[in-house]
Amino acid sequence: MSITKYLIIWGLGMGCCSQNRAFADGSLVAGPLYADFPLTLAEGHRTEILGPAFYSEQKETQHVWAIPPLGLSYVSDPAIEYHEFNFAYPVFSWDRFGREYRCQIVQLINFAGGQVPGDSDEHRFTLFPAYFQQRSANPKDNYTAVLPFYGHVEHRLFRDEVDWVMYPFYIKSREKDVVTWNMPYPFFDVRKGDGLHGWQLWPLFGEEHKVVTTTTNGFGDTQVAGGHDSYFVLWPFFSNATNGIGTDNPSREHALLPFYDYYRSALRDSTSYLWPLGVTHVVDRENKYEEWDAPWPLVEFAHGEGKTAHQLLPFFSHAWNGHLETVWVLWPLYKYHRVISEPLDYRRTRIIFFLYSAINEKNTETGKVLRREDFWPLYTRERDFNGNERLQVLSLFEPFFPGTESVSRDYNPLCAFWRFERSPGRGANSQSLLWNLYRRD
């Protein structure tokens, strides 16, 4: 930094900051007007200008600059060919990773594409829900769809393929080997597949039949695909279904609502009376537990090796199955959630949704612990697996989007009344008050 530049910045900072310091490594702190300093939690450097108005950060191979008042930011990492640009996130965002890219405007206008198997590129444009388009080097993969007039799309709308003409009067969809024709949707349809055929005139009558077939998995082994028979009359009042025909666990379900609904199989039995407000009894022989609900989910009691539950919502709930535990008290006043999946032991406590949240994540093999605590709007506190700590006093955005890097990067500086960071591994720590009006490294 030149002497002239240093003197100008230092002079501007004198009138509005209590601390102005130049460091031996060329860093400079001149209050909220200008600060240039090394990062605390990682190797790199950061420059802040006019408090939260602008910052630039270089961390290893990644470079970031942002204008938080506009929710504007740009991230680039040439080492992994990654680029990201946000404006008023999530209103507008653009991401690129190698040849893959995605651009969206309020999640309704979307451009996306990139490399697909065969070393060709596909480019998609969506104006949801009216227009869908894909263009590819392979012409057979091209499609255009205009809702409701005419369309053909692939791997969209939760199906492998969908065609329509004057939606909803004619729709043809495919999921794996099953093809369904709706004319019009959802009142009349015909379904055909491998050993399968069925039709329905909803809600009056419908039926479906599938014979036992075989499939080949990714290892080349032959597997049995069970058959089924089902029909309904005046849905949802009467239905009957037999599933898993030809397998080790065939099942049968019969319903005459609201009087009863029962399910029977080798591994599980379930019976409900006066559904949905009546009593349900479940005997799960596979998971080794018995359960009573009256009605579910308001009242639930279960006991056994696979599940233990005592629930009387909204007053109290406690459920545990050996891997997952949940506790509710005076919903939504208090919630506790735990997941055990070696080597992960994850716990989260919440009070009134986002008012207070505490996360504790432990690696049971290494004994290392990650902690995060949010108390909206007062503070966010974090400690990662390496012992690095971060505290921000006034945290308006992070508690609603924990772990969302775009929110933390684009908006957090606006309310950073006090910042504290400490890295035991690097032997570094820093404190900043009012956007470097006071700063100590």
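This passage describes an enclosed cavity, the surroundings of one proline and two cysteines in a predicted model.

The search for enclosed space returned one cavity of 30 Å³ or more, and the largest cavity holds about 40 Å³ of space. Its lining is made up of R46, E48, G51, P52, F54, Y55, P413, A416, R419 and W435. Two strands, β4 (44–49) and β5 (54–59), each contribute at least two residues to the lining of the largest cavity. When the lining residues of the largest cavity are sorted by class, six are nonpolar, three are charged and one is polar.

Another part of the chain, around P295, was also examined. P295 is placed in the loop that runs between β30 (289–293) and β31 (299–304), and, because its relative accessibility of 14% falls under the 20% limit, P295 counts as buried. Once neighbours within four places in sequence are set aside, the contacts of P295 are with P276, L277 and G278. S272 lies 23 residues from P295 along the chain, and the C-alpha atoms of S272 and P295 are 9.4 Å apart.

With regard to the cysteines, a search covering the whole structure yielded zero disulfides. C103, at a relative accessible area of 11%, is classed as buried because this value is under 20%. C415 likewise has a relative accessible area, 5%, that is under 20%, and C415 is therefore buried.

Note on methods:
Residues are numbered from 1 along each chain as its sequence is written. This is a predicted model: local features need pLDDT of at least 70, side-chain atom pairs count only at pLDDT 80 or more; totals for chains, interfaces and linings use all residues. Side-chain values use heavy atoms; hydrogens and water are left out. Helices (H or I, at least four residues) and strands (E, at least two) are DSSP runs, numbered from the N terminus. Buried means under 20% relative accessible area, exposed over 50%, partly exposed in between (1.4 Å probe, protein chains only). Contact means heavy atoms within 4.5 Å. A disulfide is a pair of cysteine sulfur atoms within 2.5 Å. On a 1 Å grid over the protein atoms alone, a cavity is a set of points where a 1.4 Å probe fits but cannot get out, and a pocket is an open set with protein on both sides within 12 Å along at least five of seven lines; lining residues have an atom within 4 Å of a point. Grid points are joined across faces, edges and corners, and a volume is the space filled by probe spheres set on the points. Ala, Val, Leu, Ile, Met, Phe, Trp, Tyr, Cys and Pro count as nonpolar, Asp, Glu, Lys and Arg as charged, and the others, Gly among them, as polar.
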